[in-house]
Amino acid sequence: MILSLDDIDKLRRSRPRRLLKVGELPNAVREALGLSVPDVHLSTESLEHINKDHPDVNDFDLLHLPFAIKNGLLLRENKKPSILLAFYKVPEDERYYIAAFKLAEKGSEIWLSSFYRAKKNQHIKLRRKATVLQERR
């Protein structure tokens, strides 16, 4: 899955509002969750949320989304099982991110709700409140 700066810019400028595929859950995770599709989508509204609430995350950072979803530590919140988290370390440096996404009620859609910077060991705390679906690759 390739995500480009142009894709992100088109989503930001889209009227009427639309969505953008930003990654795919690994098949083993999709099957474990009983999902019919692996696609994770970002809406215009969620992109606006990320831009507003997480100004330290720029469009270049968002290009890591497909890798975070495919290769990150994937967790399912225990108290809110419809919420999935991907903890991801950029291989080239010491940047860490968390992608938060939500499963639709019937398991037919997956929506990215947020993407933000994380601390190096933040995954330890996350593991205490969640079930591991996939270890980091």
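**Pocket lining, strand residues and a helix pair**

The largest pocket is lined by E77, N78, K79, K80, L85, K125, L126, K129 and A130. The model in which this pocket was found is a predicted one. The volume of the largest pocket is about 200 Å³. Sorted by class, its lining comprises five charged residues, three nonpolar residues and one polar residue.

Two residues of strand β2 were examined. Strand β2 spans residues 39–43 and includes S43; H41 is likewise found in strand β2. S43 has a relative accessibility of 12% and therefore counts as buried, the cut-off for this class being under 20%. H41, with a relative accessible area of 18%, is also buried. When neighbours within four places in sequence are left aside, S43 is in contact with L11, R18, L19 and W111. With residues up to four places away in sequence not counted, H41 touches L19, L20, K21, V22, I110, W111 and L112. L19 and W111 thus appear among the contacts of S43 and among those of H41. Along the chain, S43 and N58 are 15 residues apart, and their C-alpha atoms are separated by 16 Å.

One of the residues touched by H41 is L112, which is found in strand β6 (residues 110–118). The relative accessible area of L112 is 1%, and this residue is buried. Beyond residues up to four places away in sequence, L112 touches V40, H41 and L42, together with S46, I50, L65, A99, A100 and F101. The C-alpha atoms of L112 and A32 lie 19 Å apart, the two residues being 80 residues apart along the chain.

The packing of two helices was also examined. Helix α1 covers residues 5–13 and helix α3 covers residues 44–53; the two pack at an angle of about 105°, with their axes 9 Å apart. Because angles of 65 to 115 degrees count as roughly perpendicular, α1 is roughly perpendicular to α3. On the α1 side the contact is made by I8, L11 and R12, and on the α3 side by T44, L47 and N51. By class, three nonpolar, two polar and one charged residues make up the contact of α1 with α3. L11, one of the α1 residues in this contact, is also among the residues in contact with S43 of strand β2.

Note on methods. Residues numbered from 1 in each chain as written. Predicted model: local features only at pLDDT ≥ 70, side-chain atom pairs only at ≥ 80, totals over all residues. Heavy atoms only, no water. Helix = DSSP H or I, 4+ residues; strand = E, 2+ residues; numbered from the N terminus. Buried < 20%, exposed > 50% of the residue type's maximum accessible area, 1.4 Å probe, protein only. Contact = heavy atoms within 4.5 Å. Axes fitted to C-alpha atoms, helices over the stretch in contact; angles between N-to-C directions. Parallel < 35°, antiparallel > 145°, perpendicular 65-115°, else oblique. Nonpolar A, V, L, I, M, F, W, Y, C, P; charged D, E, K, R; others polar. 1 Å grid on protein atoms, 1.4 Å probe; cavity = no way out; pocket = protein on both sides within 12 Å on 5 of 7 lines; lining within 4 Å. Points joined across faces, edges and corners; volume = space filled by probe spheres on them.
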